[in-house]
Amino acid sequence: MKYITITAGSYDEAVQKAREEYGDLARIHSRRDYTVGGGLFSKKRQKCDLTLYVADAEGPAREEKVNDEASIREFEKEAQTPDPSSTTLRERLDTEVYRGAFDGYGIVGEAERILDENSISDPLRGYILSSVTGKGDVRDEIASAIVSRVEIAHSALGMPKHLLVLLGATGSGKTTTAAKIASLYKKEGKRVAIIALDSYRVGAFAQITGLSDALGLPYELITAEDELSRALEKFFYYDLVVIDTMGLSPRDKELNLRLQGMLGMLDRYSSIFAYVASASTKEEDLEAQADRYSSFKPEVMIATKLDETESVGNIISFSCRRALPLLFLTTGQAVPEDIEKASTTTILMHLRSLGLDMGRSGSQV
C-alpha cells in the first residue's frame, strides 16, 4: 500500500485529479484545506491536499482507469469528505481527517468535560455540541450556544402582570423570594402587596408577616376562598400583587384541591404563574416537582439559592426542556438584596470553566 498526496485549488479539483490518475485503485484517507499567499504583493489562494492510499499502484494495474459508471459513483461516494468549514463538530467527528484531532481530550473531549462539569443535559446538551465548530475557543462557542438557547422572560421583567403567583415545593424559597420581588419593585416606585396562602406550614404566616413589616409592604394572610376574594379586591389598584402559595404534597389531596380552588379564582389574563425551584435540586427531582404543578401551567421560572450550588447547568437544562423562560435568580438569604433579574450574563457567571466567574458578585443586570 502506498500513500500519495494530491494538491489542487479545491477539493473537487483534487478528487478529479485523483480519479484521472489512479482510477478505482485509490481510496481517500484524509484532506486538508488551507490558504496560501496573502502577502504584500500576492492574493490569498485556497488549496486542498488530498491524501490517498493506493493498493498495487505500480505496474500494469497503474494503467487501469475508471471506465464504468458504477465504479465512478462508488469512488465519488467515498470521496465525499465534507468541507470542514461548513460542518459542525459532530459531523466532523465522522470524517477520517479529524478523528485524530478530536481524540481523548481534544475539542470534543473538552466540550463534553465542560458540559459534564455543569450537569448540562439534553436537549440543551445536544444543541450545544451541534453548535461547536472548533474554529474558536471551545468555551466561547459553548457560551454563545447557551446565550442563544436559554430563554429569559424579558417581557415580564420590566413589570410582571398584576398578579405574580409563586408555585413550588416546600423549601424552595418561595416566601423569601416573594418578599424580595415585592421589595425590588417597590424600590422602582411601584405599589406592591403580598398575599400569602401558605397557612398550612408551621411558621409560614409568621415569616411573611415579619418580612412584610420589616420592608413596609402591605399584605394579607389567606385561609379561605372568600378571604382571597376580599384581598384581591383590596389590592385591585396596586401595580403588582405577589401571591405566595403552599407547597403541594402528592399525598395531600385535600390541600391540592384547596390550592386549585383558590388559584382558579384568579383572572389568568392578568396573572403570571412562576415555578420556583432551588438551584441545588437534582434534575430528576425538578421534573417530579414540576409535574405536581403542571395543571397550573406555569409560564416562567425562578431559580433560588444559587449560592448553594457550583453550577446552574441543571436549571438551564430543565428550563429549556420545559420551555420555561427564566425570570429571577436569588443568590442568598439576605432580604431584599439577594435577588437579580435573570440575564444570560448572570447565568454564564454561575457556570463552571467558561471563564466568566467574576466572583459571583450578584450585581444586578
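Tutor: Let's start with what the names mean: helices are DSSP runs of H or I with at least four residues, strands are runs of E with at least two, and both are numbered from the N terminus. The model here is predicted, by the way.

Student: How many helices and strands are there in the protein?

Tutor: Counted that way, the protein has 15 helices and 11 strands.

Student: Why is S119 called partly exposed?

Tutor: Its relative accessibility is 46%. Buried means under 20% and exposed means over 50%, so S119, at 46%, falls in between and counts as partly exposed.

Student: And what makes A323 exposed?

Tutor: A323 has 58% relative accessibility. The cut-off for exposed is over 50%, so A323 passes it.

Student: What is unusual about phi in S119?

Tutor: Most residues other than glycine have a negative phi. S119 is not a glycine, yet its phi is positive, near 55°. You'll find S119 in the loop between α5 and α6. A323 also has a positive phi, about 55°, without being a glycine, and sits in the loop between α14 (313-322) and β10.

Student: Which kind of peptide bond joins D122 and P123?

Tutor: A cis one, with omega at about 5°. P123 lies in the loop between α5 (107-117) and α6 (124-131). V335 and P336 are joined by a cis peptide bond too, with omega about 10°, and P336 is in the loop between β10 (326-330) and β11 (339-341). As a rule, most peptide bonds are trans.

Student: Which residues line the largest pocket?

Tutor: The lining consists of H162, L163, L232, E233, F236, M265, L266, D267 and S270. The volume of the largest pocket is about 150 Å³.

Student: How do you know how that lining divides into nonpolar, polar and charged residues?

Tutor: Go by residue type. Leu, Met and Phe count as nonpolar, and Asp and Glu as charged, while types off both lists, such as His and Ser, are polar. That is why the lining comes out as five nonpolar, two polar and two charged.

Student: What share of the protein's residues is buried?

Tutor: Buried residues are 48% of the 365; to be buried, a residue has to be under 20% relative accessible area. As for the outside, the accessible surface is about 17900 Å², and carbon and sulfur atoms hold 49% of that.

Student: What percentage of the contacts with a separation of 6 or more is between residues 24 or more positions apart?

Tutor: That would be 71%, where a contact means heavy atoms within 4.5 Å.

Definitions and conventions. Residues are numbered from 1 along each chain as its sequence is written. This is a predicted model: local features need pLDDT of at least 70, side-chain atom pairs count only at pLDDT 80 or more; totals for chains, interfaces and linings use all residues. Side-chain values use heavy atoms; hydrogens and water are left out. On a 1 Å grid over the protein atoms alone, a cavity is a set of points where a 1.4 Å probe fits but cannot get out, and a pocket is an open set with protein on both sides within 12 Å along at least five of seven lines; lining residues have an atom within 4 Å of a point. Grid points are joined across faces, edges and corners, and a volume is the space filled by probe spheres set on the points. Buried means under 20% relative accessible area, exposed over 50%, partly exposed in between (1.4 Å probe, protein chains only). Accessible areas come from the Shrake-Rupley method with a 1.4 Å probe; for residues, only the protein chains shown count as cover.
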